[in-house]
Amino acid sequence: MSTIIPIGPFHPVLEEPEYITLNVEGETVIDADIDLGRVHRGMELLAQEKTYDQDCFLVERICGICSATHSWATALAIEDIVGVEIPDRARYLRTIVHELERLHSHMLWFGLGGHIIGYWTVYMWGWKYREPVLDCLEAITGNRNHYAWYCPGGVRRDVADEIWPPVLKAMDEFDEKLDMLIGAVYDDPVILARLKGVGILTPEDAVAYGTLGPTARGSAFDIDVRRDESYGAYDEVDWNVVCLDGCDCLAVAAVRLLEMKESVKIVKQCINKLPSGPIAAEVREVPRGEGIGHVEAPRGESFHYIRSNGTNMPERHKMRAPTFNNIPSFRPRVKGETISDAVLIFAIIDPCYSCTERLAVVDSRGERELSYQELLKLSHQKTEEIRKHL
Amino acid sequence: MRTYLREYEMSKRVVENLKATFGSRVDVYERTERRYYVTVSNEDWIPVTRHMYEEEHGRLATASGSDKPTGVELLYHFTMDKEGTVVNIRTLLAKPFPKIESLTPYYPAADFIEREIFDFLGVEFVGHPDPRKILSSHDRPADFHPMRRDEQ
């Protein structure tokens with residue numbers, strides 16, 4: 001006899017409202033169902049009532065974390081209809097913002113992953129090291145999250161040369177912290193115990209369920225739009241696609257961490273090679289026709305299809321975020337696992353949380369505040385205790 | 001990173017194979033060297049989309065449907081990752097009750113995508129294992145589909 005356990009629609013672990021029904025026998029999950037649609041905002045219909053210039057800013061509001069990807073995909077789709085050539089400087093500027101966004105998005109997921117497995121140190125560290133990346137984005141675009149950076153034909157603002165040295169310095173520092181975090185993940189007994197061998201998605205299932213991004217690359221499904229379609233400046237810089245064959249939650253987490261190393265490489269090379277010249281080509285009229293733009297968002301491929309009827313507004317604007325294609329892979333992953341791992345397995349696809357909270361620390365209980373070194377020492381002690389019991 | 005700009009012949013391989021397999025039953029329109037639009041009849045819908053997945057290893061990125069005066073247009077976007085192209089398969093379904101065979105029994109990735117089309121445009125997918133609405137609210141009337149223009 002099986003029992004049904006509902007999770008959500010509002011659950012402390014899931015920042016977005018989603019309703020999961022787990023069909024369990026004892027502790028073991030035998031089936032699952034996911035109910036979506038609680039934050040549906042009718043954006044496709046809204047996009048058809050706005051001009052192409054406005055659409056680029058409207059689609060940023062799909063997600064607070066990967067806003068640049070939707071904006072770029074829309075711009076690519078419009079440029080596909082118009083057939084315009086983008087200036088070199090614009091391609092590089094677009095790539096820099098896109099990769100910085102991947103850094104902060106993966107770091108945000110890394111923190112939330114720690115929060116979900118109950119490992120608060122990971123959460124604090126992940127979000128602490130994410131902050132300098134947001135500062136870089138603020139320095140370059142003027143905003144932390146909704147950049148309003150992409151427009152049909154190029155980018156909206158030019159960047160002064162004195163912005164770049166602090167960004168390069170921040171990238172160097174971020175790279176060091178990343179090495180430390182990657183070492184911690186592969187060495188930490190708590191993280192290994194929670195992630196290793198949990199939530200297996202076979203390579204065949206990864207293909208059949210149409211997974212995207214790190215979810216696919218953690219299961220040896222080697223796809224990456226950045227390489228496969230080589231938009232932006234990706235074919236002019238040196239980087240590698242990270243693809244692992246672990247097929248479990250650890251592999252997906254590792255893909256995200258190792259991918260950040262590649263993103264840092266891309267950002268640094270783009271800044272050093274940044275060409276001078278105009279930042280946007282002129283797009284006057286959008287002729288009748290159809291266009292497709294797809295980019296590799298932090299969570300996978302973002303896909304936009306636009307059909308123009310010759311006016312200044314699209315006749316049809318289809319937008320698809322990567323999470324929509326990744327969610328069905330939850331079912332094959334969760335079958336046979338325990339209830340305690342179910343939420344983690346759901347979160348491993350990085351469902352798109354659109355909250356961008358900042359963190360404030362207040363000592364309200366009047367207790368003695370511990371210094372950074374003391375906290376570090378306590379953390380080491382606890383890890384050693386857990387290691388002894390394993 | 002080596003340059004991944006493919007040869008033109010390689011990007012055309014998929015549509016050449018489609019023409020060789022299905023002959024005059026597919027109508028190929030090459031918009032640019034990276035974007036192809038293929039129009040098929042309702043009867044050839046499943047053979048062509050299955051060929052795209054099983055033989056050409058295309059990935060169903062998503063599907064867009066739109067309501068036109070002549071009927072409901074269905075457009076499946078297959079991303080060809082090896083070639084770096086997007087091949088779109090298109091068919092027109094008759095109104096007022098558009099109906100087509102489902103791809104989900106052959107390709108599980110089509111599950112959510114077809115449910116979304118059913119939800120917003122009221123296309124009935126015959127043989128879909130789980131034909132429920134997916135994104136619109138639970139109290140929406142069963143016969144109202146938000147993106148159908150004849151109902152507005």
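**Group meeting: chain B, the contact with chain A, and one helix**

Okay, let's start with confidence in chain B: the lowest mean, 84, belongs to helix H1 (residues 8-22) of chain B, and the highest, 95, to strand E7 (residues 124-126) of chain B. Those are pLDDT values, since what we have here is a predicted model. There is a stretch to be careful with, though. Residues 1-5 of chain B have a pLDDT below 50, and yet this stretch has 13 contacts in the model beyond near neighbours in sequence. Across the chain as a whole, the mean pLDDT of chain B is 88, with 93% of its residues at 70 or more. For the complex, the predictor gives an ipTM of 0.93 and a pTM of 0.88.

So, what does chain B look like? We've got three helices and seven strands in chain B, and if you walk along chain B from the N terminus, the elements come as α-β-β-α-β-β-β-β-α-β. Measuring along the principal axes, so to speak, the C-alpha atoms of chain B fill a box of roughly 50 × 35 × 25 Å. The radius of gyration of chain B is 16 Å, and that agrees with a compact globule, because 152 residues would then give something near 15 Å. Of the 152 residues in chain B, 40% are buried. And if you take the contacts in chain B with a separation of 6 or more, 50% of them are between residues 24 or more positions apart.

Now, on to where the two chains meet. How many residues does each chain put into the contact? Chain A gives 31 residues and chain B gives 29 residues. On the chain A side, five elements each supply at least two residues: helix H10 (225-228), strand E6 (289-297), strand E7 (300-308), strand E8 (314-320) and helix H12 (322-326). Sort that side of chain A by class and you get 14 nonpolar, eleven charged and six polar residues.

Last stop, a helix in chain A that I wanted to show you: helix H3, residues 67-82 of chain A. Is H3(A) mostly covered or mostly open? Mostly covered: 16 of its 16 residues are buried. The length works out as well. With 16 residues at 1.5 Å a residue, helix H3 of chain A should span 22 Å, and its end C-alpha atoms are 23 Å apart, so the two agree. Right after H3(A) comes A:Gly83, and its phi is positive, near 75 degrees.

That's my tour; over to you.

Methods
Residues are numbered from 1 along each chain as its sequence is written. Chains are lettered from A and ligands numbered from 1 in the order in which they are written. This is a predicted model: local features need pLDDT of at least 70, side-chain atom pairs count only at pLDDT 80 or more; totals for chains, interfaces and linings use all residues. Two residues are in contact if their C-beta atoms, placed from the backbone, lie within 7 Å. Helices (H or I, at least four residues) and strands (E, at least two) are DSSP runs, numbered from the N terminus. Ala, Val, Leu, Ile, Met, Phe, Trp, Tyr, Cys and Pro count as nonpolar, Asp, Glu, Lys and Arg as charged, and the others, Gly among them, as polar. The expected span of a helix is 1.5 Å times one less than its number of residues. A residue is buried if 20 or more other C-beta atoms lie within 10 Å of its own, exposed if 12 or fewer, and partly exposed in between; C-beta atoms are placed from the backbone. The radius of gyration is taken over C-alpha atoms; the globule rule is 2.2 Å times the number of residues to the power 0.38. pLDDT is the predictor's confidence in each residue, from 0 to 100.
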